[in-house]
Amino acid sequence: MATSKELKEVLTNLRLSGILPTLQERISYAKSSKLSLEEFLELILYDEWERRQNRLLGIKMKKAGVDSTLESYDWDTAIQYDRALAKRIMGLDFIEKHISVLIFGPTGVGKTFLARHLAFMALKSGYNVLFIRADKMFKHLRSSILDGTHERTMKYYLSPDLLVIDDFATRAMSREEANDFYELILERHEKKSNILTSARAPDEWQPLFPDPILGNSALDRLAHTSYQVLMEGESIRKERRPK
């Protein structure tokens, strides 16, 4: 039985046209399962709710800079790290407690993947998330000084419940970059959560600051309010290299 033109128009006008592609399938299922009218209505409305949630999640992911769906996390790798700690972090209590997470280790061991998975889980749980590579963030902040939008740009990085800075501490920072990073950490300290990934251990970050006092102040706040996950092993990328 085809869906009538009138019903299609009504659903479209009510912004419920997402129901149409699976409506006949759901009607057949309802008949075969002998669902009541109430159960059938609940079924198709839940379908529509789920579609909207998935669409909203997609929009949030794009806005947050999380470009892949990470429904599951692969624990079955040879990479060595504290899996019990990682699983505890995935409970996302650290966001409620305004604690940061520092993920560090050699290139290719899955630091970014773990950070992206945490960002994805936070998005699904309704948190406001921003994921950005450190060099892009500093470039954005630097250009905002030139066009007079620096204060607004700083607020952009200060506002998320979870700010993920990927590939931090790859090189020495300029004085402007160090000042911006200090300001971010100072303003977000005990108010918001951060995740930083780095190929350097946190105790190697200090020399990258042109002002050692500024660097020590920022890093001291991070070190004492963070979970630290060291990941070690051979690069996962080698395993995925074309044969």
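I began with the sheet of this predicted model, and I found an open sheet of 5 strands, paired in the parallel sense and ordered β2-β3-β4-β1-β5. I noted next that β2 (129–133) and β5 (226–230) are the edge strands, each of them pairing on one side only. From one strand to the next, I read an average twist of 10°.

I then followed the pairing at either edge. Strand β1 (residues 100–104) runs parallel to β5 and is joined to it by 5 bridges, and within β5 I found Val229 opposite Ile103. At the other edge, 5 bridges hold the parallel pairing of β2 with β3, where Val129 has Leu162 in β3 as its bridge partner.

Is β2 largely enclosed or not, and why? I looked up its residues and found that 4 of the 5 are buried, so I recorded the strand as largely enclosed by the rest of the structure, taking buried to mean under 20% relative accessible area.

I turned to the helices that meet the sheet. Helix α7 (residues 134–146) lies across β2 and β3 (162–166), and I noted that it runs at about 95° to β2. Helix α9 (residues 175–188) packs on the sheet as well, where it touches β3 and β4 (193–198), and its direction makes about 140° with that of β4.

Last, I looked at helix α2 (residues 20–32), whose 13 residues reach 19 Å from the first C-alpha to the last, which is close to the 18 Å expected at 1.5 Å a residue. I added that α2 is followed by Lys34, which has a positive phi near 55°.

How values were computed:
Residues numbered from 1 in each chain as written. Predicted model: local features only at pLDDT ≥ 70, side-chain atom pairs only at ≥ 80, totals over all residues. Heavy atoms only, no water. Helix = DSSP H or I, 4+ residues; strand = E, 2+ residues; numbered from the N terminus. Expected span 1.5 Å × (residues − 1). Pairing = 2+ DSSP bridges. Axes fitted to C-alpha atoms, helices over the stretch in contact; angles between N-to-C directions. Contact = heavy atoms within 4.5 Å. Buried < 20%, exposed > 50% of the residue type's maximum accessible area, 1.4 Å probe, protein only.
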